[in-house]
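Dear colleague,

I am handing over the structure we talked about, and below it I have set out what was found in it. Please read the notes with the structure open beside you.

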Amino acid sequence: MLTEEYLVSIFVLIILISIFYYKYIRTTSTFPNLEGRNLPHHTEKSFWRALRLSAKEHGYGGLFPSIRFLIRRFVNHNLQLVARVIPYSGLRIILHRMRGVKISRQVHIGPLVTIDDVYPDYVVIEEGASIAGSNYILTHTKPLSYHKNLMESHVAPVIIKENAWVAVGSIILPGVTVGTGSIVAAGSVVTKDVPDNVMVAGVPAKIIREFGMDSGVPVSLKKVNNR
């Protein structure tokens, strides 16, 4: 059984490696405007071939691109693991920022939140937003080559706008913007953009309430008839 001292040592080691990674390994975004783009469909490959292709896909060039990308994936994965379980939102935010997630001030990220493990730099969380817990925010999808005529393989940014609340257990899919002040109800799967100041719920999520506003502040919920 792991002792408390051993767990602390592992945590400190991950943080030190992460600082080294953040300063020397992680590239600046090759796609700074966060524009959606197509990806190759998934085909099972040998480890080293897959690594070479992934490094190229992520914009790694120059000296030892595959090794640098492998270090990035290893550190990113471990930062994600620690961020999911560490018992303080402020530290979760620091770790996700180190992964490349763009997070503004006064944001809350709850426990067991998974932010895309491959393209975290395509996620933007604006000021005052809250991600409750046990959520998935996904920025890419790579269907099998077998399904290439049926489904697109792509990466697209996810934006959680100011004062939006993503309630527990919900899933945000690639390319979605959750509007200012809006609520994503618990357990929802959001497949398309959410307007400002509404509540969405369901699988797939649909607008079920609109906010009554007074001087820019929500004061009531108005039922919406979905046809």
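Two helices, helix 2 (47–57) and helix 3 (65–85), each supply at least two residues of a nonpolar patch, and helix 3 gives the largest share of that patch, with 3 residues. Please keep in mind throughout that this is a predicted model. The patch covers about 720 Å² of surface and is made by Phe47, Trp48, Leu63, Phe64, Ile67, Leu70 and Ile71. One of these residues, isoleucine 71, has its place in helix 3, and with a relative accessible area of 32% it is partly exposed, because the cut-off for buried is under 20% and the one for exposed is over 50%. Phenylalanine 47 is likewise a member of the patch, and its relative accessible area of 49% puts it in the partly exposed class.

The aromatic rings come next, and the count of aromatic pairs is 2. In one of them, phenylalanine 47 and tryptophan 48, the ring centres are 5.0 Å apart and the planes stand at 80 degrees, so the pair is edge-to-face. Tyrosine 119 and tyrosine 122 also form an edge-to-face pair, with 5.8 Å from centre to centre and 85 degrees between the planes. Are these two tyrosines buried or exposed? Tyrosine 119 is buried, and tyrosine 122 is buried as well.

Both tyrosines appear again around threonine 139, which lies in the loop between strand 7 (136–137) and strand 8 (140–141). Threonine 139 has a relative accessible area of 0%, so it counts as buried. Leaving aside neighbours within four places in sequence, threonine 139 is in contact with Asp116, Tyr119, Tyr122, Val123, His154, Val155, Ala156, Val158 and Pro174.

For the protein as a whole, the secondary structure comes to 4 helices and 18 strands, and buried residues make up 39% of the 227 residues. Of the contacts with a separation of 6 or more, 37% are between residues 24 or more positions apart. The accessible surface comes to about 12,900 Å², and 60% of that surface belongs to carbon and sulfur atoms.

Turning to the interior, the largest nonpolar core has 25 residues, of which Ile109, Ile115, Ile125, Ile131, Ile160, Ile172 and Val178 touch the most other members. The elements that give two or more residues to this core are strand 5 (123–125), strand 10 (158–160) and strand 16 (198–201). Isoleucine 109, when residues up to four places away in sequence are not counted, touches Ser89, Arg92, Ile93, His96, Ile103, Ile115, Ile125 and Ile131. Apart from the largest core lies another core, of 7 residues, among them Val82, Ala83, Ile86 and Met98.

Several of the residues just named belong to helix 4 (residues 89–99), whose buried residues are Ser89, Arg92, Ile93, Leu95, His96, Met98 and Arg99. Just after helix 4, glycine 100 takes a positive phi of about 115 degrees.

Some features of the backbone deserve a look of their own. Most residues other than glycine have a negative phi, and most peptide bonds are trans. Asparagine 163, which is not a glycine, nevertheless has a positive phi of about 60 degrees, and asparagine 163 is found in the loop between strand 10 and strand 11 (165–166). Asparagine 197 also has a positive phi, near 55 degrees, and its place is in the loop between strand 15 (189–190) and strand 16. With a relative accessible area of 22%, asparagine 197 is partly exposed. Which residues are joined by a cis peptide bond? The bond joins valine 203 and proline 204, with omega at about -10 degrees, and proline 204 lies in the loop between strand 16 and strand 17 (206–214).

The last residue on my list is proline 40, in the loop between strand 1 (37–38) and helix 2. Proline 40 counts as partly exposed, at 48% relative accessibility. Proline 40 and proline 143 are 103 residues apart in sequence, while from C-alpha to C-alpha they are 9.0 Å apart in space. With neighbours within four places in sequence left aside, proline 40 is in contact with Glu57, Lys142 and Ser153.

With best wishes

Notes
Residues are numbered from 1 along each chain as its sequence is written. This is a predicted model: local features need pLDDT of at least 70, side-chain atom pairs count only at pLDDT 80 or more; totals for chains, interfaces and linings use all residues. Side-chain values use heavy atoms; hydrogens and water are left out. Rings of Phe, Tyr and Trp (its six-membered ring) pair if their centres lie within 6.5 Å; planes under 30 degrees apart count as stacked, over 60 as edge-to-face and the rest as tilted. Buried means under 20% relative accessible area, exposed over 50%, partly exposed in between (1.4 Å probe, protein chains only). Patches are made of residues with over 30% relative accessible area and no salt bridge: like charges are joined within 9 Å, nonpolar side chains (Val, Leu, Ile, Met, Phe, Trp, Tyr) within 5 Å. Accessible areas come from the Shrake-Rupley method with a 1.4 Å probe; for residues, only the protein chains shown count as cover. A salt bridge is a side-chain nitrogen of Lys or Arg within 4 Å of a carboxyl oxygen of Asp or Glu. Contact means heavy atoms within 4.5 Å. A nonpolar core is a set of buried Ala, Val, Leu, Ile, Met, Phe, Trp, Tyr and Cys residues joined through side-chain atoms within 4.5 Å.
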